[in-house]
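Hello,

Here is the structure for you to look over. My notes on what turned up follow below it.

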Amino acid sequence: MKKLIEKTEAFMELGGIRKDIAFLVLGGLSLIISLFDLIPLPFDAAWIAIILCGIPIIMEAVIGLITAFDIKADVLVSLALIASVCIGEDFAAGEVAFIMQLGALLEDLTVARARAGIEKLVHLTPRSARVITDGSEKIIPADQVAIGDRIRVLPGETVPVDGVILSGQTSINQAVMTGESLPVDKAAGDDVSSGTVNQFGAFVMKATKVGEDSSIQRMIRLVQSADAGKAKIVGLADKWATWIVVIALSAAALTWIFTGEIIRAVTILVVFCPCALVLATPTAIMAAIGNATKHGFLVREGDALERLAAVTKITFDKTGTLTCGTPKVTAVRSVSGYTEEEIYSFAAAAEQMSEHPLGKAVVRCYGQTPAACSHFQMSPGEGVTAVVDGKVVKAGNLKLLKGMMISKELAAGAGAYLNKGSTVIYIVIDEVPAGYLVLSDTVREESKDMIAALGRIGVRPVLLTGDNLHAANAIAGQLGIRDVHAGCLPEDKLDRISAYQKEGNAVCMIGDGINDAPALKMADVGIAMGGIGSDIAVDAADIALVDDEIRELPHLLSLSRRMMTTIKVNLTFSMGLNFLAIALAITGLLGPVIGALVHNAGSVLVIINSALLLNWKKK
């Protein structure tokens, strides 16, 4: 029996949505032919709809009853179908089968397709490592590295395992772990994580965590398991199916007993068939998804908007979500006889050959063609040196100033910007500190208004970022966000969201980086920045913001709540119509065919009411 059920389920899944559409088209045509007797056939054309649309429903009901005694709406539908056929009301049976198959198709269209996010994340796992043994270097598979092995990592390579640097200086792109686009300078004694990218200098490291214990493998496990406990919303028709079946069968049986008319009992089963009830939710969801698409949101999970309607907290990643994600020169300061324009010019000239993201940002923001430079030299972990207009110009971090006299003006001015979370590039001309450039990740223009609008609809924003506390507080202060959590690794974001959920909050997470993928999975609703976000973040999310226009976020939340109101109206109407139809069927005023038409007219009204969501916008 088990093998038979498995084969049956496999057959039913064959062809998927295309098969359902084909069956619906053929079933609909057959009902038209049957109603108007367009083509003479040796059998009622409605049987085509019964077989194509009704048999799958009956098989689904039987499988559910046999395997788990699971009573859903399709059980009552099956009873109505069989009863109608038994008394010769083929058209009524075909109508019920058609409308239910339509509802099933709408539900299927709202279910997310298979996602490849975890596969993409697995591809980030380093394949090999340069292990140093007895003075020689040997390339081995990364999964064969043992704790304590010495490994050399060249510029451009991915760090194979977690470890600590033994020698060398470099800058590491840690976006995969922290989400922050700016590289971090590393030297002997600093920790490095697997999956991060070495950008400049070569270094030798000692492995401390390997295999399943490495950071990138922990990330993969987080993504795989984070949504395991995310409850899927069950259609209300299925939630109430047991009671509906009991009430319908009781009413039909009592009517037959007291009136002796089987036709009335069958009519009760037909009109109590929960077509409108089944359509109430998926039609509203489909219309709301269409509305969301017009505003730049790609809804990837059918029930995401249902979950979004209950959200009370929205957790934001900072870089690339609330900010532009690219550093810009926000200030230039001189502490010498040079003007600020000259300091900027010297800095852009010295950095024009740099591969460092900060150096590239200086040249990009300068907006002019820098002066020529010569004798360019890059010092990993410190900065660059070049000769510009006959002067030796150095641009880099605080290590450049080692051994030099630092004025109070320079220390105080740069320190103030550092405390705000900005990055400072010091400029040294002919071995004398001459000034500095301030770089910051700028806030999106629409972020402040968007945060204020969320507050007006009763949703509290939270900032979860891998950046330092100073930078996080600076951005949060500009936007009016009170809840701030800085220095968050992927598991930290996961823990924070889980804590909010345990407090009874429905949480929405918005992010763009690979490091946000576990949190996007764990949250009740995950929204990824589709334009600048990583593919893995988008694949992990329920909703993708295609054009990155976060100003539309309050509309999406309001739309989800409006959608739930529409669903409740649909459900109330459909149930009220069903009970009215039952009363008329008991008294004999409704026959099976007219009853099916009346109650299917209710389904049409439900669809029309749902369609109003397509162009809805809160005033």
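E20 and E21 run parallel and are joined by four bridges. In E21, Val 525 is the bridge partner of Cys 508. Keep in mind that this is a predicted model.

E20 has a parallel partner in E11 as well, again through four bridges. There, Ile 314 stands opposite Cys 508 of E20. So Cys 508 appears in both pairings: opposite Ile 314, and bridged to Val 525.

How many residues of E20 are buried? Five of its five, and the strand is mostly covered. Val 507, Met 509 and Gly 511 are buried on one side of E20. Cys 508 and Ile 510 are buried on the other. Both faces are therefore covered.

Now the whole sheet. It is open and has seven strands, in the order E10-E22-E21-E20-E11-E18-E19. The pairing is mixed. E10 (297-299) and E19 (483-485) are the edge strands, and each pairs on one side only. Neighbouring strands are turned by 20° against each other on average, direction ignored.

At the E10 end, the pairing is antiparallel: three bridges join E10 to E22 (residues 543-545). Phe 297 has Leu 545 in E22 as its bridge partner.

Helix H23 (residues 553-586) lies across five strands of this sheet. It crosses E10, E11 (313-316), E20 (507-511), E21 (525-529) and E22. H23 runs at about 150° to E11.

H23 also packs against helix H11 (residues 262-271). The angle is about 170°, with the axes 9 Å apart. H11 and H23 are therefore roughly antiparallel to each other. From H11, the contact uses Arg 264, Thr 267, Ile 268 and Val 271. From H23, it uses Asn 578, Ala 581, Ile 582, Ala 585 and Ile 586. By class, the residues of this contact are six nonpolar, two polar and one charged.

Why is H11 largely enclosed by the rest of the structure? Eight of its ten residues are buried, so little of the helix is left out. The buried residues of H11 are Arg 264, Ala 265, Val 266, Thr 267, Ile 268, Leu 269, Val 270 and Val 271.

Next, another helix pair. H15 (residues 340-351) and H16 (residues 357-366) pack at about 125°, with their axes 9 Å apart. That angle makes H15 oblique to H16. The crossing is left-handed. On the H15 side, Tyr 344, Ser 345, Ala 347, Ala 348 and Glu 351 make the contact. They meet Gly 359, Val 362, Val 363, Cys 365 and Tyr 366 of H16. This contact has seven nonpolar, two polar and one charged residues.

Last, a second sheet to look at. An open sheet of six strands has the order E2-E1-E3-E9-E4-E7, with antiparallel pairing. E2 (136-141) and E7 (191-192) stand at the edges. Each has a single partner strand, so one side of each is left without a neighbour in the sheet. Within this sheet, five bridges join E4 (residues 162-167) to E9 (residues 203-209), and these two strands run antiparallel. Val 164 stands opposite Lys 206 in E9.

Best wishes

Definitions and conventions
Residues are numbered from 1 along each chain as its sequence is written. This is a predicted model: local features need pLDDT of at least 70, side-chain atom pairs count only at pLDDT 80 or more; totals for chains, interfaces and linings use all residues. Side-chain values use heavy atoms; hydrogens and water are left out. Axes are lines fitted to C-alpha atoms, for helices over the stretch in contact, and angles run from 0 to 180 degrees between N-to-C directions. Angles under 35 degrees count as roughly parallel, over 145 as roughly antiparallel, 65 to 115 as roughly perpendicular and the rest as oblique. A crossing is left-handed if the near helix is turned anticlockwise from the far one by less than a right angle, and right-handed if clockwise. Contact means heavy atoms within 4.5 Å. Ala, Val, Leu, Ile, Met, Phe, Trp, Tyr, Cys and Pro count as nonpolar, Asp, Glu, Lys and Arg as charged, and the others, Gly among them, as polar. Two strands pair if DSSP finds at least two bridges between them. Buried means under 20% relative accessible area, exposed over 50%, partly exposed in between (1.4 Å probe, protein chains only).
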